[in-house]
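Morning, everyone. Please pull up the sequence and the structure, and we'll walk through them together.

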Amino acid sequence: MTRFRRPVLVVLLVVGAIFLLLPAERMPATGQWLVRAGLESRTVRIGRLDVRYVRKGQGPTIILIHGLGSSIYTWSDVILPLAERFDVIALDLPGFGASSQPLDLAFDDYPTTVIGLMDALGVTRAHLAGNSLGGAISLLLAARTPERVDRLVVLDSAGLKMKPAERPFVIQLLGSKAAAAFVEGLPVRRWLTAATLRQLFHDRTRVTEERIDEMTAPLLRPGALASARSLLLSRVDERFLPDLRLIQAKTLVIWGRFDPWLPESQADVFVAEIRGSRKIVLETGHMPQEERPDEVARLIGDFFIL
């Protein structure tokens, strides 16, 4: 055993021993935000997957797509303001929220899931807004199925550094078999969720107990970590960057100035590659829609209308 591995192993054993003394994690009570907003979640079967979604409002259709490890909840403060002018659909991507968590989940499941949801709900063409992983999905859909996408907003979008070694450290850990076993066997998921949110948010007062519970609950479902690990180990599409030049949809790139995972320089790459796109920078972390929901709802709504 090398000098490096021995202290790391000791730390893991000590930490593991401490957490083994803690009580098992219980599923937190969630969904009160749906009641407050007067929303009802529904589930539709798309291929082999059950996909949960909410729908509210009338007008041009907007589909909201969340990021890795997130859920519909990330749009909880954005849905109602947008629903005053739009038909708003937000979904739980497979592997997250209350949608199916298949053991063979792959990134390629996502574009077909979004198109399948549109077909199931009778939506021929829609505006897309996606954060992080949801941004990458939205961009690929705009490039490869332009007939289904009207306008596009991406918020701190993933896609440029998708290879395992280029990902943020926490995401690399989730893709590790040893780390996954550690998290699976110990009551640490809520603690890790809270720590990650506090890293991702610039305004940490927004990291409430409800937000931590809503983000933790899906991770406590049986098979959740295995599904996420399958996604992270799935094939990375090398065509992503060239495909950006195919995008015809008018595109707005929103970025958090203090994003600790994806620097603002990546926003500049998107703007350079997507013809006619423009960038707006907000004083937030990785999820502007959660830190500045009113401002984000206004920016999205105005961009899709004007």
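One term before we start: buried means under 20% relative accessible area. With that cut-off, the buried residues of helix 10 are A224, L225, S227, A228, S230, L231 and L232. Helix 10 runs over residues 224-233. Seven of its ten residues are buried, so by that cut-off the helix is mostly covered. Keep in mind throughout that this is a predicted model.

Now helix 8. It covers residues 189-200, twelve residues in total. From first C-alpha to last, helix 8 reaches 16 Å. That is close to the 16 Å expected at 1.5 Å a residue. Which residues of helix 8 are buried? They are R189, T193, A194, T196, L197 and L200. Look down the axis of helix 8, and those buried residues fall within an arc of 165 degrees, so they line one face of the helix.

Next, charges. Side chains of opposite charge can pair when their charged atoms come close. How many salt bridges does a search of the whole structure find? The search finds 18. I'll take three pairs and one network.

Pair one is R52 with D92. Their side chains meet in a salt bridge at 2.7 Å, N to O. The pair links distant parts of the chain, 40 residues apart. R52 is in strand 2, residues 49-56. D92 is in the loop between strand 4, residues 87-91, and helix 4, residues 109-120. Are these partners buried or exposed? R52 counts as buried, because its relative accessibility is 17%. D92 is buried too, at 0% relative accessible area.

Pair two is R55 with D87. The closest N and O atoms of this salt bridge are 2.8 Å apart. R55 belongs to strand 2 and D87 to strand 4. Again, distant parts of the chain are linked, here 32 residues apart. R55 is partly exposed, with a relative accessible area of 36%. D87 is buried, with 7%.

Pair three is K279 with D268. Here the closest N and O atoms of the salt bridge are 2.6 Å apart. K279 sits in strand 8, residues 278-282. D268 sits in helix 12, residues 264-273. The two are eleven residues apart, and the pair links distant parts of the chain. K279 is partly exposed at 29% relative accessible area. D268 is also partly exposed, at 36%.

Then the network. R48, D104 and D109 are joined into one network by salt bridges that share partners.

Back to helix 12 for one more residue. Q266 lies in that helix. Q266 is buried, with a relative accessible area of 6%. What does Q266 touch, leaving out residues up to four places away in sequence? The list is S157, L160, K161 and W255.

On to T251. This residue lies in strand 7, residues 251-256. T251 is buried, at 2% relative accessible area. The side chain of T251 reaches the backbone oxygen of A249 at 2.9 Å. Not counting residues up to four places away in sequence, T251 touches L152, I274, S277, R278 and F303. Hold on to F303, because F303, F86 and F304 form one aromatic cluster, with ring centres paired within 6.5 Å.

So, the rings. A pair of aromatic rings is described by the distance of the centres and the angle of the planes. The count comes to five aromatic pairs. One of them is F86 with F304, an edge-to-face pair. Their centres are 6.3 Å apart, with 80 degrees between the planes. F86 is in the loop between helix 3, residues 79-83, and strand 4. F304 is in helix 14, residues 293-305. Those two are 218 residues apart, so to speak distant parts of the chain that the pair links. Both F86 and F304 are buried.

What about F303 and F304? Their ring centres are 6.0 Å apart and their planes are at 50 degrees, so the pair is tilted. F303 and F304 are both buried.

That's the tour. Questions, please.

Terms used:
Residues numbered from 1 in each chain as written. Predicted model: local features only at pLDDT ≥ 70, side-chain atom pairs only at ≥ 80, totals over all residues. Heavy atoms only, no water. Helix = DSSP H or I, 4+ residues; strand = E, 2+ residues; numbered from the N terminus. Expected span 1.5 Å × (residues − 1). Buried < 20%, exposed > 50% of the residue type's maximum accessible area, 1.4 Å probe, protein only. Arc of directions from axis to C-beta. Salt bridge = Lys/Arg side-chain N within 4 Å of Asp/Glu carboxyl O. Contact = heavy atoms within 4.5 Å. Polar contact = N/O pair within 3.5 Å; in protein donor to acceptor, adjacent residues only side chain to side chain. Phe/Tyr/Trp six-rings, centres within 6.5 Å; stacked < 30°, edge-to-face > 60°.
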